[in-house]
Amino acid sequence: MGNIFKFLYPPRCPACRQVMEEDGTYIHPECRGAFKTIGEPRCYKCGRRLWNPESDICSGCRQKKHSYGYGLALYEYNEVAQRAMLDYKSEGIRRNGDFFASEAVNVLGRLIKRLEPEVLVPVPITDRKMRIRGFNQSEYLAEKIGGALNIPVDTDILFRTGEKAEQKKLSGRERLKNVSDSFKAVDDNPYKRICLVDDVYTTGSTMEGCTRALMSKGAKDVGFVVIFSVPENDTE
Ligand SMILES: [Zn+2]
Ligand SMILES: [Zn+2]
């Protein structure tokens, strides 16, 4: 069974997509550079690269006043990262998820540990996406990251409150309102310090919705880790 699976789905490099030897590595050494980790200084709210070294928060985050306390992002947004993410999310190539999670642990693991979250909570996906994909890509990442860092993962405290209009069709303000209505945390949430896990960060409205839901149920310190951030001007 395992052999047939490998024959049908041989391991492929997340960057160039060529079939790889099963040698315990996720990516060709020469392809590593295709994924660019975000260098210092970074915005502590959204994890994006900061171009003004005088400040510790980006202009977007200064304007929006997010409720979450910190944000960590692994990679710069580029075509390779975006394609590898689509292969993972839409094609279900778990190996890319394994790669992303292991890189997140290598690059951001110490920072995450220093923030001392009691728990990792993956951002829930809609029922429709669950039907299409068959898995929650953020939950898979959270399980891998949490396993490596020895931080528990809880998927039973945060939920979507049901389908709303497609987020993309709404303006920024509508989107924020819409999303913050879309998440709900359980009444008996036992955690104060929570690190959300998602695949991609765009406007921050999803994180804001999750954070408000959790804070309304007793969480005090909520932040997040994502694989990459899409620059805001790419999403408008
Ligand atoms: Zn490669
Ligand atoms: Zn920011």
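Two residues count as being in contact if their C-beta atoms, placed from the backbone, lie within 7 Å. With that in hand, here is what the predicted model shows.

Start with helix 6, which covers residues 137-149. Its 13 residues should span 18 Å at 1.5 Å a residue, and the end C-alpha atoms are indeed 18 Å apart, so expectation and model agree. The buried residues of this helix are Q137, S138, Y140, L141, A142, K144, I145 and G146. They pack against helix 3 (79-89), helix 4 (94-114) and helix 5 (127-133), and also against strand 2 and strand 5 (193-201). Right after helix 6 comes N150, with a positive phi of about 60 degrees.

Now for the sheet. It is open, has 4 strands in the order 1-6-5-2, and its pairing is parallel. Strand 1 (70-75) and strand 2 sit at the edges with a single partner strand each, so one side of each has no neighbour in the sheet. From one strand to the next, the twist averages 25 degrees. Strand 5 and strand 6 (residues 221-229) pair over 8 bridges, and D198 stands opposite V226 in strand 6. Helix 3 packs on the sheet by touching strand 1, strand 5 and strand 6, and its direction makes about 105 degrees with that of strand 5. Helix 6 packs on the sheet too, touching strand 2 and strand 5, at about 125 degrees to the direction of strand 5.

Finally, V119 lies in strand 2 (residues 119-122). V119 counts as buried because it has 20 C-beta neighbours inside 10 Å. Among the residues it touches are I151, P152, Y191 and I194. Another is D154, 35 residues away along the chain, with the two C-alpha atoms separated by 6.7 Å.

Note on methods. Residues numbered from 1 in each chain as written. Chains lettered and ligands numbered in written order. Predicted model: local features only at pLDDT ≥ 70, side-chain atom pairs only at ≥ 80, totals over all residues. Helix = DSSP H or I, 4+ residues; strand = E, 2+ residues; numbered from the N terminus. Buried ≥ 20, exposed ≤ 12 C-beta atoms within 10 Å, placed from the backbone. Expected span 1.5 Å × (residues − 1). Pairing = 2+ DSSP bridges. Axes fitted to C-alpha atoms, helices over the stretch in contact; angles between N-to-C directions. Lists of a residue's contacts leave out its neighbours within four places in sequence.
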